[in-house]
Amino acid sequence: MSDERTYKVELLARVEGEGRFHVKVDGDRVVEAHLSIFEAPRFFEAFLRGRSLYEVPDIVARICGICPVAYQMSSVRAIESALGSTPTPTIRALRRLLYCGEWIESHALHVFLLHAPDFLGYESALEMARDHKEVVERGLRMKRAGNALIEALGGRAIHPVSVRVGGFTRAPRIAELAEVRPALARALEEARETVAWAASLSAPAVDNDYTFVALAGDAYPLEWGDRIRVSGRGEFPVAAFDELFVEEHVARSNALHCRLRDGTPYLCGPMARLNLFAEQLHPAAVEALEASGLRLPVRNPYLSLIVRAIELVHAFAEALDLIDQYQVPAASYAEVTPADAWGCGATEAPRGLLYHAYSLGGDGLVREAKIVPPTSQNQARIEADLVALAPTLLTLEHGAATRRCEQLIRAYDPCISCATHFLRLEIDRAEAPS
């Protein structure tokens with residue numbers, strides 16, 4: 001008799017992207033596993049060719065409605081690097097504050113509306129709200145506070161318009177930031193409660209061996225850094241990205257897989273940042289980490305829910321500090337001089353390292369562009385995690401195995417495209433030899 005099992009999920013909600021997972025098992029041994037992604041090509045790198053360097057921040061912001069600030073910040077870092085421009089400490093602080101707003105709204109969305117239903121046994125946040133209304137409302141309040149902060153600095157919450165090469169089109173007044181401060185202060189207390197709540201949830205026991213990658217700089221990885229740390233291998237200049245990593249086209253997927261040059265899949269994002277740079281957390285986040293009972297290194301992807309909650313505490317606390325220290329700059333931006341030049345820059349999007357590189361002309365136009373988003377870098381690692389999980393799936397009932405796989409994928413908060421599509425999961429078991 002055939003010992004074949006097939007799992008299929010025609011619609012995977014609460015992620016952005018389209019794909020299929022296939023596992024082939026020979027007896028009890030996993031011999032093949034693939035995560036295939038089928039989102040349509042976006043062509044943003046091609047769109048940028050021939051456009052003015054000043055247009056780049058507004059164009060790349062459209063890559064994602066959840067993390068437009070990340071794309072803007074990496075683009076201006078790369079262009080300014082190419083043209084030899086260094087932002088003032090005040091402009092850096094404003095950019096970091098804007099980025100805090102994005103971390104807040106993105107992490108709150110993921111923790112409460114996208115991933116929490118997996119832990120509490122619901123198909124959606126709407127269903128979860130019937131029994132856990134206070135949890136969902138807390139998440140919405142926190143997200144609203146992040147959106148308000150982005151709007152105060154960026155002009156609007158989605159695809160902000162104030163970011164420009166050299167700084168901002170306009171610097172906020174002290175009174176404008178003071179208006180959003182009370183909501184951020186209240187949300188900080190709710191973020192502390194969120195860490196304790198996330199730590200109380202039951203998570204599958206997993207212990208994977210990871211290579212962690214995150215931006216290294218003078219503070220907890222966010223909007224600034226000139227080096228990339230690779231766990232167990234050291235730190236390297238951001239400009240050495242193409243020497244460290246390679247993007248490969250996988251025939252089964254429209255999305256590129258990014259790996260280390262030796263083929264090693266790696267993990268970037270909250271878990272990598274915390275494991276590599278916990279000592280740089282804001283003191284409020286350090287307290288939350290200690291109170292959570294989480295022990296480093298964290299090597300269980302299901303525990304990333306707690307890690308994101310800790311980063312929420314960090315983002316709220318740092319945002320409050322930055323607002324309290326803010327002084328309106330004499331100039332909101334510095335002019336740059338176009339030149340034939342190449343430059344790169346990286347920042348830490350909510351989901352992980354985001355790398356941009358641009359070749360510019362003396363006419364101020366973009367010659368070539370390269371953008372490597374965090375989900376592209378994490379895809380190979382997601383696939384490796386699913387391979388490691390597969391033997392466990394075989395011991396579970398069909399529906400439970402499917403949900404366990406979905407929960408793992410959502411732990412990465414993948415931003416594969418800007419629409420929800422489907423994941424088809426197939427497990428094909430071949431007959432064991434007699």
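In strand 7, Val230 finds its bridge partner in Gly234. That is where I want to start, with the strands around Val230, in what is a predicted model. Strand 7 covers residues 234–237, and strand 6 pairs with strand 7 in the antiparallel sense, over four bridges. Between these two strands the hairpin has three residues, and Gly232 in this hairpin takes a positive phi near 80°.

Now the other partner of strand 6. Strand 5, residues 213–216, runs antiparallel to strand 6, and four bridges join the two. Here Val230 turns up again, since Val213 stands opposite Val230. So much for the pairing.

Which side chains of strand 6 are buried, and which are not? In a regular strand, side chains alternate between the two faces of the sheet. Strand 6, residues 227–230, shows that alternation: Ile228 and Val230 point to one face and are buried. Arg227 and Arg229 point to the other face and are not buried.

Let me step back to the whole chain. The chain has 434 residues, and 60% of them count as buried. The secondary structure comes to 13 helices and 13 strands. About 17,000 Å² of the chain is exposed, with carbon and sulfur atoms supplying 51% of that area. If you take contacts between residues at least 6 apart in sequence, 72% of them join residues at least 24 apart.

How many disulfides does a search of the whole structure find? Zero. Two cysteines can be mentioned here. Cys100 has 1% relative accessibility, so Cys100 counts as buried. Cys405 is buried as well, because its relative accessible area is 0% and the cut-off is under 20%.

Cys405 takes us to helix 13, where it is one of the buried residues. Helix 13 spans residues 398–411, which is 14 residues. From first C-alpha to last, helix 13 reaches 20 Å, close to the 20 Å expected at 1.5 Å a residue. Is this helix mostly covered or mostly open? It is mostly covered, with 10 of the 14 residues buried. Among the buried ones, besides Cys405, are Gly399, Ala401, Thr402 and Leu408. The list also includes Glu406, Gln407 and Arg410.

Look at the two ends of helix 13. At the start, a side-chain oxygen of Glu397 comes to within 2.8 Å of the backbone nitrogen of Gly399. Just after the helix there is Asp413, with a positive phi of about 50°. Asp413 is not a glycine, and its place is in the loop between helix 13 and strand 13, residues 415–430. Asp413 has a relative accessible area of 4%, so it is buried.

A second residue with a positive phi of about 50° that is not a glycine is His159. His159 lies in the loop between helix 6, residues 133–154, and strand 3, residues 163–164. Its relative accessible area is 17%, and because buried means under 20%, His159 counts as buried.

Next, another histidine in a loop. His282 is found between helix 9, residues 270–277, and helix 10, residues 283–292. Why does His282 count as buried? Because its relative accessibility is 18%, and the cut-off is under 20%. What does the side chain of His282 join by a polar contact? The side chain of Asp321, at 2.7 Å. Leaving aside neighbours within four places in sequence, His282 is in contact with His314, Ala317, Glu318 and Asp321.

Staying with loops, Pro297 is in the one between helix 10 and helix 11, residues 304–325. The peptide bond from Leu296 to Pro297 is cis, with omega near 0°.

The last stop is Val246, in strand 8, residues 245–249. Val246 has a relative accessible area of 18%, so Val246 is buried. Beyond neighbours within four places in sequence, the contacts of Val246 are His257, Cys258, Arg259, Leu260 and Arg261. Gly263 is 17 residues from Val246 in sequence, and their C-alpha atoms are 8.3 Å apart in space.

To come back to the start, keep Val230 in view when you open the structure: it stands opposite Val213, has Gly234 as its bridge partner in strand 7, and is buried on one face of strand 6.

Terms used: Residues are numbered from 1 along each chain as its sequence is written. This is a predicted model: local features need pLDDT of at least 70, side-chain atom pairs count only at pLDDT 80 or more; totals for chains, interfaces and linings use all residues. Side-chain values use heavy atoms; hydrogens and water are left out. Buried means under 20% relative accessible area, exposed over 50%, partly exposed in between (1.4 Å probe, protein chains only). Contact means heavy atoms within 4.5 Å. Accessible areas come from the Shrake-Rupley method with a 1.4 Å probe; for residues, only the protein chains shown count as cover. Two strands pair if DSSP finds at least two bridges between them. A disulfide is a pair of cysteine sulfur atoms within 2.5 Å. The expected span of a helix is 1.5 Å times one less than its number of residues. A polar contact is a pair of N or O atoms within 3.5 Å; within protein, one must be able to donate a hydrogen and the other to accept it, and residues adjacent in sequence count only if both atoms are side-chain atoms.
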